[in-house]
Amino acid sequence: MSHWRFPLGLEDLTNTERLTSPQGEFGYKRSYYFHQGIDLYVEGKPDVKVHTVESGTVVAIEDFTGPPDHPHWLYTQAVLVEGKSGVVCYGEIEPLPGIKVGDEIMASTHIAHVRPVIPEGLERPDIFGHSRWMLHLEWYTHGARESVSWHHDDEYPLNLRNPSNMLQESWECEKVLYEKFEPIIANIVKSD
Ligand SMILES: [Zn+2]
């Protein structure tokens, strides 16, 4: 069993109480499909960094939401990285320009920035922690080279895995580390 590092900075999350809302959970039934991943809501700012949860190889970079003139979804991309646990898809992001298929990258490497996926005016204050900006993370078995859709009439996609426990665990670890080291770091900064 391998462990993940949490892909975002805790200070960028919209809340510290829950990993996501019920609507952002894996398998949540939406109007036309089941949610294939987990949404991690972040503050709406252009420099929110996405880090790899484990080391691996970049196996695909794809157009994710959009296209650019879509009425409900803004244009975003996704990066798929294959590592020890399988293939992790980091969606609703903009990859750093230097990232390309075949790159070998370490865990906790900065690979992308979160981009807004929902147009202005379509905010959802009824959803806990919601933001127009989020990392949508999916998890697949080894060999996946593209994200899948999971419509109501589809069979469950066989290579799709539920990342909830992996993410929850990495989030809890990150919070413990943060509480332990944040005061020390704050002190170092202060004494500069
Ligand atoms: Zn999502």
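How many helices and strands make up the secondary structure of the chain? The secondary structure comes to 1 helix and 9 strands. The model is a predicted one. From the N terminus on, the elements run β-β-β-β-β-β-β-β-β-α.

**Overall dimensions**

The radius of gyration of the chain is 17 Å, close to the 16 Å that the globule rule gives for 192 residues, so the chain is as compact as a globular protein of that length. Along its principal axes, the C-alpha trace spans about 60 × 40 × 30 Å. Of the 192 residues, 32% count as buried. Among contacts between residues at least 6 apart in sequence, 67% join residues at least 24 apart.

**Strand S5 and its partners**

Strand S5 covers residues 86-95, and 8 of its 10 residues are buried, so S5 is largely enclosed by the rest of the structure. The table lists strand pairings, including those of S5.

| Pair | Sense | Bridges |
|---|---|---|
| S4 (residues 77-83) and S5 | antiparallel | 7 bridges |
| S5 and S8 (residues 134-140) | antiparallel | 5 bridges |
| S5 and S7 (residues 110-114) | antiparallel | 3 bridges |
| S2 (residues 49-51) and S7 | antiparallel | 3 bridges |

S4 and S5 form a hairpin, with 2 residues between them. Within this pair, glutamine 77 has isoleucine 93 of S5 as its bridge partner. On the pairing with S8, valine 88 stands opposite tryptophan 139.

Which residue of S7 is the bridge partner of glutamate 94? The partner is histidine 113. Proline 95 stands opposite alanine 112, also in S7. Alanine 112 is likewise the residue that valine 50 stands opposite. S7 is thus a strand with pairings to both S5 and S2.

**The nonpolar core**

In soluble globular proteins, nonpolar side chains tend to be buried together. In this model the largest nonpolar core has 39 residues, and those with the most contacts inside it are Leu40, Val42, Tyr90 and Leu135. The elements that give two or more residues to this core are strand S1 (38-41), S4, S5, S7, S8 and helix H1 (164-191).

Which residues does leucine 135 contact, leaving aside its neighbours within four places in sequence? They are Pro7, Leu8, Leu40, Val42, Val50, Tyr90, Glu92, Ile93 and Val114. Leu40, Val42 and Tyr90 in that list are themselves among the core residues with the most contacts. Ile93 from the list is the bridge partner of glutamine 77, and Val50 stands opposite alanine 112.

**Histidine 130**

Histidine 130 lies in the loop between S7 and S8. Is this residue buried or exposed? With 20 C-beta neighbours inside 10 Å, histidine 130 counts as buried, because the cut-off for a buried residue is 20 or more such neighbours. Not counting residues up to four places away in sequence, histidine 130 touches Ser21, Tyr41, Glu123, Arg124 and Pro125. The C-alpha atoms of histidine 130 and isoleucine 184 are separated by 31 Å, and these two residues are 54 apart along the chain.

**Summary**

In this predicted model, strand S5 is largely enclosed and pairs in the antiparallel sense with S4, S8 and S7. S4, S5, S7 and S8 are among the elements that give two or more residues to the largest nonpolar core.

Note on methods
Residues are numbered from 1 along each chain as its sequence is written. This is a predicted model: local features need pLDDT of at least 70, side-chain atom pairs count only at pLDDT 80 or more; totals for chains, interfaces and linings use all residues. A residue is buried if 20 or more other C-beta atoms lie within 10 Å of its own, exposed if 12 or fewer, and partly exposed in between; C-beta atoms are placed from the backbone. Helices (H or I, at least four residues) and strands (E, at least two) are DSSP runs, numbered from the N terminus. Two strands pair if DSSP finds at least two bridges between them. A nonpolar core is a set of buried Ala, Val, Leu, Ile, Met, Phe, Trp, Tyr and Cys residues joined through C-beta atoms within 7 Å. Two residues are in contact if their C-beta atoms, placed from the backbone, lie within 7 Å. The radius of gyration is taken over C-alpha atoms; the globule rule is 2.2 Å times the number of residues to the power 0.38.
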